[in-house]
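Dear colleague,

I am passing on the structure we spoke about, and below it I have written out what was found on going through it. Please read the notes with the coordinates open beside them.

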Amino acid sequence: MSKPLSDHDRRKQISVRGLAGIENVAELKQNFNRHLHFTLVKDRNVATKRDYYFALAHTVREHLIGRWIRTQQHYYEKDPKRVYYISLEFYMGRTLQNTMVNLALENACDEATYQLGLDMEELEDMEEDAGLGNGGLGRLAACFLDSMASLGLAAYGYGIRYEFGIFNQKIVNGWQVRNHRVLFENVYSCLKPQTTFWASLLYHYHDLKFLVIFHVVLALPYDTPVPGYRNNVVNTMRLWSAKAPCEFNLKDFNVGGYIQAVLDRNLAENISRVLYPNDNFFEGKELRLKQEYFVVSATLQDIIRRFKVSKFGSREIARTDFSKLPDKVAIQLNDTHPAMAIPELMRVLVDEEKLDWDKAWDICVRTCAYTNHTVLPEALERWPVDLFAHLLPRHLEIVYEINRRHLERVAAKYPGDVDRLRRMSLIEEGGQKRINMAHLCIVGSHAVNGVAQIHSDILKATVLCHFMACTLSVCTDICDPHKFQNKTNGITPRRWLVMCNPGLAEVIAERIGEDFIRDLDQLQSLRNYVNDEAFIRDIAKVKQENKLKFAVHLEEHYKVKINPNSMFDIQVKRIHEYKRQLLNCLHIITYYNRIKKEPNKQWTPRTVMIGGKAAPGYHTAKMIIRLITAIGEVVNNDPVVGDRLKVIFLENYRVTLAEKAIPAADLSEQISTAGTEASGTGNMKFMLNGALTIGTMDGANVEMAEEAGEDNLFIFGMRVDDVDALDMKGYHAEEYYNRLPELKQAIDQIAGGFFSPKQPDLFKEIVNMLMHHDRFKVFADYEDYIKCQEKVNALYKNPKEWTKKVIYNIAGCGKFSSDRTIAQYAREIWGMEPTLEKLPAPDDKQ
């Protein structure tokens with residue numbers, strides 16, 4: 001069995017982490033002590049690990065600041081087109097180690113802390129995740145920011161600085177319990193009060209004169225540097241914090257109304273208080289709409305300010321011709337959450353800048369682009385017209401005018417087709433009137449894209465089908481066949497390989513050099529080593545070392561003895577019915593029953609890990625967590641099973657835990673119902689880190705199979721056409737239940753209280769849902785899934801052949817770099833050209 005890397009061996013891994021020059025180490029030690037003394041006012045006698053973390057973070061931050069300032073100066077000097085990526089979520093994770101990797105400081109910092117008698121990993125663990133996102137949507141935004149900086153694009157991320165990000169998850173007696181923590185102090189974030197803006201709700205105009213404007217909120221910008229990979233480019237993520245316009249209403253206080261004064265202040269600041277803990281279910285809450293308008297209002301003011309001025313730090317207006325806006329500004333809407341950018345930009349151009357409607361609309365459409373992230377009906381935003389009328393009456397007028405002109409164009413192309421008008425309208429009639437925000441984005445953008453080829457194809461066949469038929473622009477008769485596109489998601493190899501799996505990055509670099517970190521397509525050359533015995537051994541050794549390290553973590557946190565030679569079978573993602581954690585549960589139960597039936601058989605040992613958070617209002621998801629923990633309680637304590645099967649629910653799954661779990665995984669579970677997962681990025685992270693995928697032909701799994709070869713993945717289950725055919729025929733769960741004895745046994749055990757003997761009826765709701773209300777057809781894929789898992793078991797018994805498939809998967813990962821994704825966005829949507837040129841370092845003479 002391989003042993004974990006010693007300090008000496010770990011420190012030898014230098015090529016992909018940057019050389020530790022003696023001068024660099026001495027300088028870092030000096031700066032570390034300076035910050036400990038003068039920034040934190042501590043010495044080594046009283047300093048805590050937290051203090052040491054902050055001293056190190058401030059030391060690394062110094063290497064960012066000069067590059068950050070010089071990058072912004074460079075943008076003002078060159079005046080390039082700039083892209084503004086607006087997202088309600090940025091799931092950044094930790095910053096310190098990522099910054100060290102991108103600045104080639106990690107080895108020098110490691111050596112400096114070692115000489116100071118400190119442990120780098122312990123200091124890194126002091127940093128909390130910047131959890132300003134729920135899952136894939138926010139993490140994708142973070143990867144995109146990394147790639148935009150690494151590709152030298154003048155890019156800015158805009159969002160909200162939530163005081164309370166994604167909740168911390170605790171499992172208490174098997175149940176999810178959540179608690180929020182105040183946003184952890186971020187050394188890298190700095191307030192820029194000179195660019196504070198007013199975000200005013202309840203606009204209303206009459207003849208372009210103010211009638212009403214109140215509920216004014218201040219938007220305070222907090223900037224965080226986003227370093228590119230070793231190119232001296234440092235871009236900016238700007239997050240807005242809502243503040244009341246005055247500290248306190250003294251008049252109210254004097255007359256005894258101080259309670260109301262406090263409440264009014266809280267009402268304003270609540271806008272940036274809490275992240276909504278769900279990005280795949282639409283909740284039509286007033287606060288959410290306020291958040292969406294707040295971020296858009298402040299961001300557009302900032303965009304227009306930057307468009308108008310020409311010098312770094314200047315407020316002098318140098319550019320007023322808004323016809324040039326699309327040449328200098330690209331706005332990317334990350335899903336429909338920032339869709340208010342379209343009517344808000346129209347309001348600014350028409351009401352404030354006095355442009356005529358047609359000109360303003362042409363500018364708006366050529367500036368904005370929209371990414372769709374889901375086809376689930378419950379996730380699509382449809383805001384009640386009444387709420388808009390109450391909160392944003394002027395914007396409602398603008399939406400109505402956009403819709404009127406849009407439908408006139410549709411009617412002109414399809415005379416008398418009232419049903420088509422209804423389907424393509426921005427306003428959904430019948431019952432409560434609602435604004436379809438996806439339709440608003442489609443009409444108001446020059447480009448619309450899905451995030452995997454199968455997802456884009458499904459969009460074109462469903463959500464976009466009528467728009468595809470008539471690719472319209474309200475201002476022109478020109479039909480643009482390129483409006484509807486695909487941009488398959490990607491992940492940054494810096495965080496998801498170099499940072500979280502340095503051993504694997506080193507093994508790869510030894511064979512093909514380090515350039516793959518910036519050009520992941522170079523991994524294709526690893527196919528030349530698929531039969532290389534030494535390379536196979538090295539890949540297997542790295543995996544085993546990662547498993548040993550993660551096994552220590554699991555035993556420490558869950559008090560369960562882990563067999564590090566067992567297959568690490570991992571499914572980590574938000575808990576949702578369409579992700580089908582329940583299908584995984586049925587396999588666990590089936591495998592458990594088989595071991596119990598034939599305890600003397602040579603079974604392939606497995607450690608099954610499932611992790612993820614359930615949205616607080618999603619009862620079924622919380623019951624799924626409880627079922628997983630209940631299964632684990634029975635399986636893990638059964639002496640007949642022993643270490644051949646263990647089940648662990650990974651508590652509080654987040655970016656930092658993903659960075660530990662993914663490099664240790666043997667098997668990646670990507671088992672959503674075909675046609676429901678937009679893309680997925682977790683599947684790509686597992687693939688890049690040497691896990692084999694068991695999955696359906698859904699989302700990016702399809703393209704992963706194309707790149708690595710379908711024989712090198714474990715593909716099972718219905719395809720999209722099969723799901724559609726089953727819908728036409730009618731899905732009847734009882735047919736599968738009655739036909740498959742092992743499925744019947746598993747369901748009967750769940751329903752009968754086998755896994756909840758003290759509460760026999762605990763899981764009857766889940767059983768009832770599976771038997772009678774399962775939209776995602778778990779039973780339909782059960783038989784094929786079990787057979788596919790048998791193939792997994794058989795191959796795992798042959799480590800050499802398993803590792804060969806691992807190599808094919810790693811070699812096929814080139815397409816799934818976020819650098820490739822962003823380069824396509826830049827060239828095909830934003831009209832920008834990426835570059836790998838380095839900016840001068842701060843100490844270089846210009």
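Leu582 belongs to helix α23, which covers residues 581-597, in what is, please keep in mind, a predicted model. Its relative accessibility is 5%, and since buried means under 20%, Leu582 is therefore counted as buried. Setting aside residues up to four places away in sequence, Leu582 touches Ile624, Leu627, Ile766, Met769 and Leu770. One of these partners, Ile624, is 42 residues away along the chain, yet the C-alpha atoms of Leu582 and Ile624 are separated by 7.0 Å.

A second buried residue sits in a loop rather than in a helix: Phe322 is found between α10 (286-308) and α11 (325-328). Phe322 counts as buried because its relative accessibility is 3%. When its neighbours within four places in sequence are left out, the residues in contact with Phe322 are Ile304, Phe307, Lys308, Leu349, Glu353, Leu355 and Ile363. For Glu353, the C-alpha to C-alpha distance to Phe322 is 8.7 Å, with the two positions 31 residues apart in sequence numbering.

Two helices deserve a note on burial. Helix α5, made of residues 106-115, is mostly covered, with eight of its ten residues buried, namely Glu106, Asn107, Ala108, Cys109, Asp110, Glu111, Ala112 and Thr113. Just after α5, Gly117 adopts a positive phi of about 80°.

Helix α21 is likewise mostly covered, and here eight of its eleven residues are buried. The buried residues are Gly503, Leu504, Ala505, Glu506, Val507, Ile508, Ala509 and Ile512, and what they pack against is a set of four helices, α20 (493-499), α22, α26 (682-688) and α33 (799-811). Just after α21 there is again a glycine with a positive phi, in this case Gly513 at about 85°.

The loop that runs between α21 (502-512) and α22 (533-558) is where Asp515 is placed. Is Asp515 buried or exposed? Its relative accessibility is 54%, and because exposed means over 50%, Asp515 counts as exposed. Together with Glu514, Asp519 and Asp521, Asp515 forms a negative surface patch.

If you look at one stretch beforehand, I would suggest the one around α21, where a mostly covered helix is followed by the loop that holds Asp515, itself part of the negative patch.

With best regards

Terms used
Residues are numbered from 1 along each chain as its sequence is written. This is a predicted model: local features need pLDDT of at least 70, side-chain atom pairs count only at pLDDT 80 or more; totals for chains, interfaces and linings use all residues. Side-chain values use heavy atoms; hydrogens and water are left out. Patches are made of residues with over 30% relative accessible area and no salt bridge: like charges are joined within 9 Å, nonpolar side chains (Val, Leu, Ile, Met, Phe, Trp, Tyr) within 5 Å. Accessible areas come from the Shrake-Rupley method with a 1.4 Å probe; for residues, only the protein chains shown count as cover. A salt bridge is a side-chain nitrogen of Lys or Arg within 4 Å of a carboxyl oxygen of Asp or Glu. Lys and Arg count as positive and Asp and Glu as negative; His and the chain ends are not counted. The place of a charge is taken as NZ of Lys, CZ of Arg, CG of Asp or CD of Glu. Buried means under 20% relative accessible area, exposed over 50%, partly exposed in between (1.4 Å probe, protein chains only). Contact means heavy atoms within 4.5 Å.
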